[in-house]
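Dear colleague,

I am handing over the structure we discussed. Please look it over first; my notes on it follow below.

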Amino acid sequence: SLSLKKWAQPQNWYWFSSGLQGFNYAVAFTHGEKVRVELYIDRGESEINDSILQEMIKEKDTLEKEMGTKLCWEELEARRGSRIAIYRDGSISENEKMLDEIKVWVIEYLLKFKQVFDQRIKKWK
C-alpha cells in the first residue's frame, strides 16, 4: 500500500495553476496558526503585480460579495508578488476532526476563488 507520507512534500503550502502565467491559487498553513487560501499574483515585476492588485481593488465590493466574505488585499513588500487572500484559524498539527474541517474549508474556497477570479485574470493574458 502507498503511504501518503512517502509522497507528501516538505512544505506548508501548495499551489494550483490558474492556466495563466503569473496567477496561481494556493493554500498555506501560515505562522500564527492560520490557514490561508489565496490568489497569488507574480507577473515578474513588483510594479506590475501591485498594479494588477490595485486594478482588482477597484472591484473590491463586487469581488467580496461574490466570494461571500471579506478579502485581504496584500502588497507583499518583502516579496515581488501580491496576493488576495482569506484566512481562518488552524494548523497542520490539529486533530483529525479539525483537519477535516480545514480541508472542507480549503476546497470550498479554492473552488470559489477559481469561480470568481478565473474570468477576471484573463484580461492580463
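Which residue of β2 does Trp15 stand opposite? The answer is Ala26. Please bear in mind throughout that this is a predicted model.

The sheet

That pair belongs to an open sheet of five strands, ordered β1-β2-β3-β5-β4, and the pairing is antiparallel. The edges are taken by β1 (13–17) and β4 (72–75); each has a single partner strand, so one side of each is left without a neighbour in the sheet. From one strand to the next, the twist averages 25°. As general background, strands of a sheet pair through backbone hydrogen bonds, in either a parallel or an antiparallel arrangement.

Going along the sheet from β1, the pairings are these:

- β1 and β2 run antiparallel and are joined by five bridges. They form a hairpin with five residues between the strands, where Gly19 takes a positive phi near 95°.
- β2 and β3 are also antiparallel, with eight bridges. Three residues lie between them in their hairpin, and Gly32 in the turn has a positive phi of about 85°. Thr30 stands opposite Lys34 of β3.
- β3 and β5 run antiparallel and are joined by eight bridges. Lys34 appears here too, with Asp89 of β5 as its bridge partner.

Helix α4 packs on this sheet and touches β1, β2, β3 and β5; its direction makes about 20° with that of β3. As for β2, seven of its eight residues are buried, so to speak of the strand as mostly covered is fair.

The core

Which residues touch the most other members of the largest nonpolar core? They are Leu39, Met56, Ile84, Phe113 and Phe117, out of 27 residues in that core. At least two core residues come from each of β2 (23–30), β3 (34–41), α2 (46–57), α3 (60–67), β5 (82–89) and α4 (96–121). The largest share is that of α4, with nine residues.

Leu39 is a useful place to start when you turn the model around. Leaving aside residues up to four places away in sequence, Leu39 touches the other four residues just named, Met56, Ile84, Phe113 and Phe117. The list of its contacts also holds Phe23, Asn24, Tyr25, Ser82, Arg83 and Ile121.

Aromatic residues

Searching the whole structure gives five aromatic pairs. Two of them are described here.

In one, the ring centres of Phe23 and Trp124 are 6.1 Å apart and the planes are at 35°, so the pair counts as tilted. This pair links distant parts of the chain: Phe23 is in strand β2 and Trp124 in the segment after α4, 101 residues apart. Both Phe23 and Trp124 are buried.

The other is Trp105 with Tyr109, again tilted, at 5.4 Å centre to centre and 50° between the planes. These two are four residues apart in helix α4, and therefore separated by about one helical turn. Trp105 and Tyr109 are both buried. Trp105 has a further neighbour, Arg88, which lies over the face of its ring at 5.9 Å from the ring centre.

Regards

Conventions: Residues numbered from 1 in each chain as written. Predicted model: local features only at pLDDT ≥ 70, side-chain atom pairs only at ≥ 80, totals over all residues. Heavy atoms only, no water. Core = buried A, V, L, I, M, F, W, Y, C linked by side-chain atoms within 4.5 Å. Buried < 20%, exposed > 50% of the residue type's maximum accessible area, 1.4 Å probe, protein only. Contact = heavy atoms within 4.5 Å. Phe/Tyr/Trp six-rings, centres within 6.5 Å; stacked < 30°, edge-to-face > 60°. Lys NZ or Arg CZ within 6 Å of the ring centre and 35° of its normal. Pairing = 2+ DSSP bridges. Axes fitted to C-alpha atoms, helices over the stretch in contact; angles between N-to-C directions.
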